[in-house]
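Colleague: I would like a close look at one part of this model, namely the first domain of chain A and what it touches. Could you walk me through that part slowly, and then place it in its wider setting?

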Amino acid sequence: MSSGGTRTTGAAPRARQAIGYLILCLIALAFMAPLIYMVATSLKPESETFTTPPALWGSALRWQNYTDVFSYLPFARFILNGVLVAAVGTAINVTVAALSGYAFSRLRWRGRNVVFPLFLATLMIPQDVLVIPMYVMMQNLGWVDTFQALIIPWAFTALGAFLLRQFFLTVPQELDDAARVDGAGTVRTFLSVMVPLARPTLAVLAVFTFISYWNSFLWPLVIVNDVNARATIPLGLQAFFGQQGNEWSLVMAASVISMLPTVIILVLLQKHLVRGIVTSGLGGR
Amino acid sequence: MTDVTTEQAAPAEEEVVTVPVAAPGTAIAVDEEPEARRPAEVGRRSWWGAAFAAPHSIGLALFTVVPIVASLVVSFMNWPMIGDHTWTGLENYRRLFDDPVFWVVVRNTAEYVILYVPLNLVVSLGLAAWLTPRIRHRHIFRVLFFIPTITPLVANVVVWRMLYQPDGLIDATLQSTLGEHAPNFLADDTWAMFAVVAMSVWAGFGYNMLIFSAALDAVPDSQIEAAQLDGASAWRTFWHVKFPAISPSIFFATMMTLITSFQVFTQPFLLTKGGPGTETETLVQYIYNTGFQNQQLGLASAGAWVLFVIILGITAVQFLGQKRWVHYE
């Protein structure tokens, strides 16, 4: 807002700027059109979802669609499953990544220089390539169609170790030393000095891990048989879509509900999310 | 990635931030080499380090290293979902390469990648360049463009199904303005892939836009002002100053986008089911169908390994090519 002031004087450039801004707003509006249309349709009576010419609003705002979603399919169950799977998976991932990130940055141990490159190498493996062998493994463990199969296989991705290592490398050594002088051992130093310092980084990792569990589709599609009991939101939504293919207003209401948590996270935590993406490539797809 | 693989490199790399820890009660020996410390101390630290890394390492070994190795083995076997497993050597790969549908899905996937990646990069780079810090409310624009990237892809796809449908938003708009029907995008041989790509770009560019936007913010003002003083136009300033400065970010984004676009699944699977015919069926959907519809996990593993090798190959080519256009400061 302060930069570039030298080039914005005079009426002509200012007019050009205003027009540019207007075009940008129109682009943003066109971009948002599908989402606006989604919300609008979710509030229409079913008979008015397809009209020519298209209308943004129906004859009435039918909020009831949102409650109907929950009676057509166990949508509350899907939300609960999604929260359970994402929360447990995130807790595991953040915990193991904090420990290994610390080990890779502040502790010296034999094998470290072999294990860390291996961690990085696993980042090269696409999850989709792992789906078939993971399924065979789940068969052997007897985990097909269970919650642990939704959670455990993806709880150990290496990105968090990398992210936390980067963070711990920036912490001044004096802090460890001070803790040590006070008589704290490795575990105490980690828990009472390092973890509190790393809280922002841990939060970024947690948010991205949670979102990637929440949005995951292919793995639940493969591993869940009893959709009504164990589906997370995307799988449930897909099932809903197949089943209620003609009930577009309900499908749209379900879509809105499934997007809400992540949109709220995005709006509240945008600065942290941007930092996580920019510094570590988190959340790519 | 390779800078930590040698014993000598590691301490040198971290000297700035990590100095060896002194034992409690002793003087803090800042400039001592770690190897020079008391053996007991080294041993104790060694044990803790391995212990801290153990949970993550074991988990990663069990759920990533074992499966990836297992999948290579399975790809050489006849492995039906239920029944006996037998070693068949290269039979799965031979069957794969003899299957005309396999080549169709390879071509479809390549088509998708060739359309999607440049479009994604142009749109994201263009908007990132547009959203300079002096654009009012830029953070609102950034959040808006990022929404589809972070919300469930399934939900976004479902919305686009409604736009593309006959009598859907696009068709209805055309009918009422031009009096003509839109093509049946998702059931039309020529339109289906474009429809899938358009939806995917809409849903995916926000991520790269954020990366580019942050990279552009980090370009020093002094460099830009110097170019402007030399009379360079905004266009020239962008290509000669900003673009080289952010080329590492563009390299990173291109790689990630390429890798993920080869794995496209959800959009065609839910928009078209791979149709019409096999017009939009992609490699991952082929792997999914082979493994979980036809229940031939060996054949599916072979397909997955072909995908993996393609991705590794593309990544290697990218790394080799980067010297020509990526400038690291």
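Modeller: What follows begins with the first domain of chain A, moves to its helices, and then widens to both chains.

Please keep in mind throughout that this is a predicted model. The domain assignment divides chain A into domain 1, covering 11-66, and domain 2, covering 73-280. Taken over C-alpha atoms, the centres of these two domains of chain A are separated by 34 Å. Where they meet, 10 residues of domain 1 of chain A are in contact with eight residues of domain 2 of chain A. On the side of domain 1 of chain A that touches domain 2 of chain A, the elements giving two or more residues are α1 (11-42) and α2 of chain A. Of these, α1(A) gives the most to that side, with four residues. Sorted by class, the residues on the side of domain 1 of chain A that touches domain 2 of chain A are three nonpolar, four polar and three charged.

Let us stay with α1(A) a little longer, since this helix also meets the other chain in a contact with helix α6 (residues 153-164) of chain B. The axes of α1(A) and α6(B) come within 10 Å and cross at roughly 90°. An angle of 65 to 115 degrees counts as roughly perpendicular, and α1(A) and α6(B) are therefore roughly perpendicular to each other. From α1(A), the residues that make the contact are A:P34, A:M38 and A:T41, while α6(B) brings B:V159, B:W160, B:M162 and B:L163. By class, the contact of α1(A) with α6(B) holds six nonpolar residues, one polar residue and no charged residues.

The other helix named above, α2 of chain A, spans residues 64-72, and its axis comes within 9 Å of the axis of helix α14 (residues 248-268) of chain A, the two crossing at roughly 95°. This angle makes α2(A) roughly perpendicular to α14(A). In this contact, A:N65, A:Y66, A:D68, A:V69 and A:Y72 of α2(A) meet A:S249, A:L250, A:A253, A:A254 and A:I257 of α14(A). By class, the residues of the contact of α2(A) with α14(A) are seven nonpolar, two polar and one charged.

We can now step back to chain A as a whole, which has 15 helices and zero strands. Its C-alpha trace spans about 75 × 70 × 35 Å along the principal axes. The radius of gyration of chain A is 24 Å, whereas a compact globule of 285 residues would have one near 19 Å. Of the 285 residues of chain A, 46% count as buried. One mostly covered element is helix α13 (residues 233-243) of chain A, in which eight of the 11 residues are buried. The buried residues of α13(A) are A:I233, A:P234, A:L235, A:G236, A:L237, A:Q238, A:F240 and A:F241. Among the contacts in chain A between residues at least 6 apart in sequence, 71% join residues at least 24 apart.

The contact between α1(A) and α6(B) brings us to the meeting of the two chains, where 92 residues of chain A are in contact with 86 residues of chain B. The side of chain A that touches chain B has, by class, 60 nonpolar, 23 polar and nine charged residues.

Chain B itself has 14 helices and two strands, and 40% of its 329 residues count as buried. Two of its residues show what lies between buried and exposed. B:W191 lies in the loop between α7 (169-177) and α8 (192-217) of chain B. With 18 C-beta neighbours inside 10 Å, B:W191 counts as partly exposed, because a residue needs 20 or more to be buried. Leaving aside neighbours within four places in sequence, B:W191 is in contact with B:P183 and B:F185. The C-alpha atoms of B:W191 and B:P276 are separated by 9.9 Å, although these residues are 85 residues apart along the chain.

B:H240, by comparison, has its place in helix α10 (residues 234-245) of chain B. This residue, B:H240, is partly exposed, with 14 other C-beta atoms within 10 Å. Not counting residues up to four places away in sequence, B:H240 touches B:A227 and B:A232. From C-alpha to C-alpha, B:H240 and B:W202 are 28 Å apart in space, and they are 38 residues apart in sequence.

Conventions
Residues are numbered from 1 along each chain as its sequence is written. Chains are lettered from A and ligands numbered from 1 in the order in which they are written. This is a predicted model: local features need pLDDT of at least 70, side-chain atom pairs count only at pLDDT 80 or more; totals for chains, interfaces and linings use all residues. Two residues are in contact if their C-beta atoms, placed from the backbone, lie within 7 Å. Ala, Val, Leu, Ile, Met, Phe, Trp, Tyr, Cys and Pro count as nonpolar, Asp, Glu, Lys and Arg as charged, and the others, Gly among them, as polar. Axes are lines fitted to C-alpha atoms, for helices over the stretch in contact, and angles run from 0 to 180 degrees between N-to-C directions. Angles under 35 degrees count as roughly parallel, over 145 as roughly antiparallel, 65 to 115 as roughly perpendicular and the rest as oblique. Domain bounds come from an automatic or database domain assignment. A residue is buried if 20 or more other C-beta atoms lie within 10 Å of its own, exposed if 12 or fewer, and partly exposed in between; C-beta atoms are placed from the backbone. The radius of gyration is taken over C-alpha atoms; the globule rule is 2.2 Å times the number of residues to the power 0.38.
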